[in-house]
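Work through the exercises below with the model open beside you, and attempt each task before reading its solution.

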Amino acid sequence: MSRVVHPIERESFRRLRSRLDTSHFPPLTRAVVERVIHSAADLDYASDLVMDEAELATAHAALHAGAPVVADVEMVAAGITRREAVCRLGDAGSGPGLTRSAHAVRLAYDEVGPGALWVIGCAPTALEELLTLDASPALVIGLPVGFVGAAESKAALRESGLPAVSNVSEKGGSAVAAAALNALLYHPTSPEENDL
């Protein structure tokens, strides 16, 4: 089903493209870069994001084939449109050496198993916990924000070899993580579909 793009969104993307040439990016990478920039009004994401087009293509296919989506917090889940996301933070508890966010990742993995798309935009400890599991994800969108552990957890994600979207700096957050997933949701699955 084709998505109807609001005129304000269309104009926003026109202005973004007038300020930043994204035409050199491959199609899915361009979609993610532009949607993340659009969500944060931050052009620096064009050089801060790290992803691989082939991994995005595999994740795009898995997503459109019905692979589950997991969000670390409700803010991320709320930002994901056209798709329900599993978020187990409300059921999680903390304890010695285990944050609520890390426990929520364990609970979500127990629910969805391997092959999910994980969208982490808030808690570095959620990303760290995911890296300890044998989750075999279709994709990890690891964009937690913060001055404690965020950049380090994203570096660990890149070093893990898992298919991922991350960024080098400390910035990130729920809106940009959800935007990265939405870029894959909105990207056409056939040439006939119309998008931005």
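**Exercise 1: Positive phi in two loops**

Ala41 is exposed, with a relative accessible area of 73%, where buried means under 20% relative accessible area, exposed over 50%, and partly exposed in between, for a 1.4 Å probe and protein chains only. The model is a predicted one, in which local features need pLDDT of at least 70 and side-chain atom pairs count only at pLDDT 80 or more, whereas totals for chains, interfaces and linings use all residues. Residues are numbered from 1 along each chain as its sequence is written, and side-chain values use heavy atoms, with hydrogens and water left out.

Task: state where Ala41 lies, and find the sign of phi for Ser136.

Solution. Begin with the location: Ala41 belongs to the loop between H2 and H3, the elements being DSSP runs numbered from the N terminus, with helices (H or I) of at least four residues and strands (E) of at least two. Next take the backbone angle of Ala41, which has a positive phi of about 50° although this residue is not a glycine. As background, most residues other than glycine have a negative phi. Ser136 also has a positive phi, near 40°; Ser136 is placed in the loop between H7 and E4 and is partly exposed, at 43% relative accessible area.

**Exercise 2: Asp42 and Lys171**

Task: decide whether Asp42 is buried or exposed, and say which residues Asp42 is in contact with, leaving aside neighbours within four places in sequence.

Solution. Asp42 is located in the loop between helix H2 (27-40) and helix H3 (45-48), and with a relative accessible area of 19% Asp42 is buried. Its contacts, once neighbours within four places in sequence are set aside, are Ile37 and Lys171, a contact being heavy atoms within 4.5 Å. Lys171 also lies over the face of Tyr45, at 4.6 Å from the ring centre; the criterion is that NZ of Lys or CZ of Arg is within 6 Å of the ring centre and within 35 degrees of the ring normal.

**Exercise 3: Order and edges of the sheet**

Task: give the order of the strands in the open sheet, and explain why one side of E1 and of E2 is left without a neighbour in the sheet.

Solution. The open sheet is formed by five strands in the order E1-E5-E4-E3-E2, with mixed pairing; two strands pair if DSSP finds at least two bridges between them. Strand E1 (49-50) and strand E2 (69-71) stand at the edges, and each has a single partner strand, so one side of each lacks a neighbour in the sheet. E1 is joined by two bridges to strand E5 (residues 164-167), and these strands run antiparallel, with Val50 standing opposite Ser166 in E5. E3 and E4, by contrast, run parallel and are joined by four bridges, with Val119 opposite Ile141 in E4. Within E4, Leu139 and Ile141 point one way, Val140 and Gly142 point the other way, and all are buried. That pattern can be read against the general rule that in a regular strand the side chains alternate between the two faces of the sheet.

**Exercise 4: Helices around the sheet**

Task: identify which elements the buried residues of H7 pack against, and what Lys154 touches.

Solution. In helix H7 (residues 124-132), the buried residues are Pro124, Ala126, Leu127, Glu129 and Leu130. They pack against helix H6 (100-112), strand E3 (117-120), strand E4 (139-142) and helix H8 (150-160). Turning to H8, Lys154 lies in this helix and counts as buried at 0% relative accessibility. Not counting residues up to four places away in sequence, Lys154 touches several residues, including Leu127, Ser166 and Lys171. Lys154 and Leu127 are 27 residues apart in sequence and 7.8 Å apart in space, C-alpha to C-alpha.

**Exercise 5: Cysteines**

Task: find how many disulfides the whole structure holds.

Solution. A search of the whole structure finds zero disulfides, a disulfide being a pair of cysteine sulfur atoms within 2.5 Å. For Cys87 the nearest cysteine sulfur is that of Cys122, 9.8 Å away. Cys87 is buried, at 14% relative accessible area, whereas Cys122 counts as partly exposed at 35%.
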